[in-house]
Each structure stands twice: as structure tokens, then as C-alpha cells.
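Biologist: I am new to this one. Could you show me the protein and then take me through it step by step?

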Amino acid sequence: MAFHFGGHAGEGEIVLANQQGAKDTSLATLLASCEHLILVFLNGCKTQKQQKALFEADVSHLIATHYEVADPLASELAINFYTAIADGIISIQQAFDQAKDKTESFIQ
């Protein structure tokens with residue numbers, strides 16, 4: 001099972017529709033209660049600060065960002081990642097590497 005967040009985020013929080021942030025520990029607590037969670041993809045700006053709490057919740061794979069990222073670039077990365085997964089039996093790491101390579105060519 002995977003959890004994907006695509007939207008606005010910032011230092012230690014994701015920004016929800018009501019403009020309230022979900023702090024890293026509450027997100028990790030929520031996701032830790034999900035059985036068979038393999039992947040968390042936080043596709044928003046500066047989401048890496050949530051990684052410690054998510055790894056402590058035994059999430060085995062996490063995709064997060066260190067910097068602000070433009071919406072078209074974030075969308076392109078997600079499209080390329082999930083396309084790689086859908087195209088065949090490929091590991092999460094291989095899918096991410098392939099998506100990153102294709103996305104880098106998208107911005108050049």
C-alpha cells in the first residue's frame with residue numbers, strides 16, 4: 001500500500017485545504033496505523049523534515065523533497081514515477097531513479 005500527498009507543504013508540515021498544517025508526528029502516527037504501508041510519497045515543498053518520524057513508524061520507502069519545488073516539476077516527477085511502476089515489475093528505487101532522470105530532462 002502507498003500514501004501519496006501532492007500539494008503545498010513547508011517546514012515540518014503539509015498544508016491541507018483548511019490551511020492547517022499536519023505536523024510530522026501526527027502524520028507519522030496516522031500512517032503508522034496503516035497496515036502494509038510500503039511507500040509514502042510526499043510531493044510538496046520541503047517535506048524531508050517528516051522523514052524521521054515516518055521511518056520511526058516503520059515506513060520502508062519515503063520520497064520527500066529538501067527544497068521548494070515548482071508544481072509542474074512535482075507533477076512531472078510523480079507521473080514519471082508511477083509510469084515506471086505501471087510499466088512493469090520494477091523496484092521503488094529503480095522507479096524513482098528512472099523518474100528523476102526523466103524529470104531532469106524535462107527541466108532542461
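Modeller: Please note that this is a predicted model. A convenient place to begin is A84, which sits in helix α3.

Biologist: Is A84 buried or exposed?

Modeller: A84 counts as buried, because its relative accessibility is 3%, and the cut-off for buried is under 20%.

Biologist: What is A84 in contact with, leaving aside its neighbours within four places in sequence?

Modeller: A84 is in contact with I90, A95 and Q98 when those neighbours are set aside. There is also a distance to add: A84 and D97 are 13 residues apart along the chain, and their C-alpha atoms are separated by 9.7 Å.

Biologist: Which other residues of α3 are buried?

Modeller: The buried residues of α3 are A74, L77, A78, N80, F81 and A84. They lie on the same side of α3, because they cover an arc of only 165 degrees around the axis.

Biologist: And what is on the face of α3 turned away from the buried side?

Modeller: That face carries the exposed residues D71, P72, I79 and A86.

Biologist: How does the span of α3 compare with what its residues should give?

Modeller: The two agree: α3 has 16 residues, which at 1.5 Å a residue should span 22 Å, and its end C-alpha atoms are 22 Å apart.

Biologist: N80 was in your buried list. Why does N80 count as buried?

Modeller: N80 counts as buried because its relative accessibility is 11%. Leaving aside neighbours within four places in sequence, N80 is in contact with A99, K102 and T103.

Biologist: Let us change topic. How many helices and strands does the protein have?

Modeller: The protein has 4 helices and 6 strands. Along the sequence, they follow the pattern β-β-β-β-α-β-α-β-α-α.

Biologist: What share of the residues counts as buried?

Modeller: Of the 108 residues, 35% count as buried. As for contacts between residues at least 6 apart in sequence, 49% join residues at least 24 apart.

Biologist: Now pockets. What is the volume of the largest pocket?

Modeller: The volume of the largest pocket is about 360 Å³. Its lining is made up of 18 residues, and those that lie nearest its centre are T65, V69, L73, L77 and K100.

Biologist: Which elements give two or more residues to that lining?

Modeller: They are β5 (39-43), α3 (71-86) and α4 (92-107). Helix α4 gives the most to the lining of the largest pocket, with 5 residues.

Biologist: And the lining by class?

Modeller: The lining of the largest pocket has 11 nonpolar, 4 polar and 3 charged residues.

Biologist: Where does T65 lie?

Modeller: T65 lies in the loop between β6 and α3. With a relative accessibility of 17%, T65 counts as buried.

Biologist: Which residues does T65 touch, not counting those up to four places away in sequence?

Modeller: T65 touches L42, G44, C45, K46, T47 and Q48.

Biologist: What else is in the loop between β6 and α3?

Modeller: A70 is also found in that loop, between β6 (61-63) and α3. A70 counts as partly exposed, because its relative accessibility is 47%. Although A70 and C45 are 25 residues apart in sequence, they are 8.3 Å apart in space, C-alpha to C-alpha.

Biologist: Let us return to α4. What can you tell me about I92?

Modeller: I92 lies in helix α4 and is buried, with a relative accessible area of 19%. Apart from neighbours within four places in sequence, I92 is in contact with I38, L39, H61, F81 and I85. The C-alpha atoms of I92 and Y82 are separated by 9.6 Å, and these residues are 10 residues apart along the chain.

Biologist: F81 appears there too, and it was in your list for α3.

Modeller: Yes. F81 is one of the buried residues of α3, and I92 of α4 is in contact with F81.

Biologist: One last residue, please. What is the phi of H36?

Modeller: Phi of H36 is near 65 degrees, a positive value in a residue other than glycine. H36 lies in the loop between α1 (24-32) and β5.

Biologist: Is H36 buried or exposed?

Modeller: H36 counts as exposed, because its relative accessibility is 63% and the cut-off for exposed is over 50%.

Definitions and conventions. Residues are numbered from 1 along each chain as its sequence is written. This is a predicted model: local features need pLDDT of at least 70, side-chain atom pairs count only at pLDDT 80 or more; totals for chains, interfaces and linings use all residues. Side-chain values use heavy atoms; hydrogens and water are left out. On a 1 Å grid over the protein atoms alone, a cavity is a set of points where a 1.4 Å probe fits but cannot get out, and a pocket is an open set with protein on both sides within 12 Å along at least five of seven lines; lining residues have an atom within 4 Å of a point. Grid points are joined across faces, edges and corners, and a volume is the space filled by probe spheres set on the points. Ala, Val, Leu, Ile, Met, Phe, Trp, Tyr, Cys and Pro count as nonpolar, Asp, Glu, Lys and Arg as charged, and the others, Gly among them, as polar. The expected span of a helix is 1.5 Å times one less than its number of residues. Buried means under 20% relative accessible area, exposed over 50%, partly exposed in between (1.4 Å probe, protein chains only). The arc is that of the directions from the helix axis to the C-beta atoms. Contact means heavy atoms within 4.5 Å.
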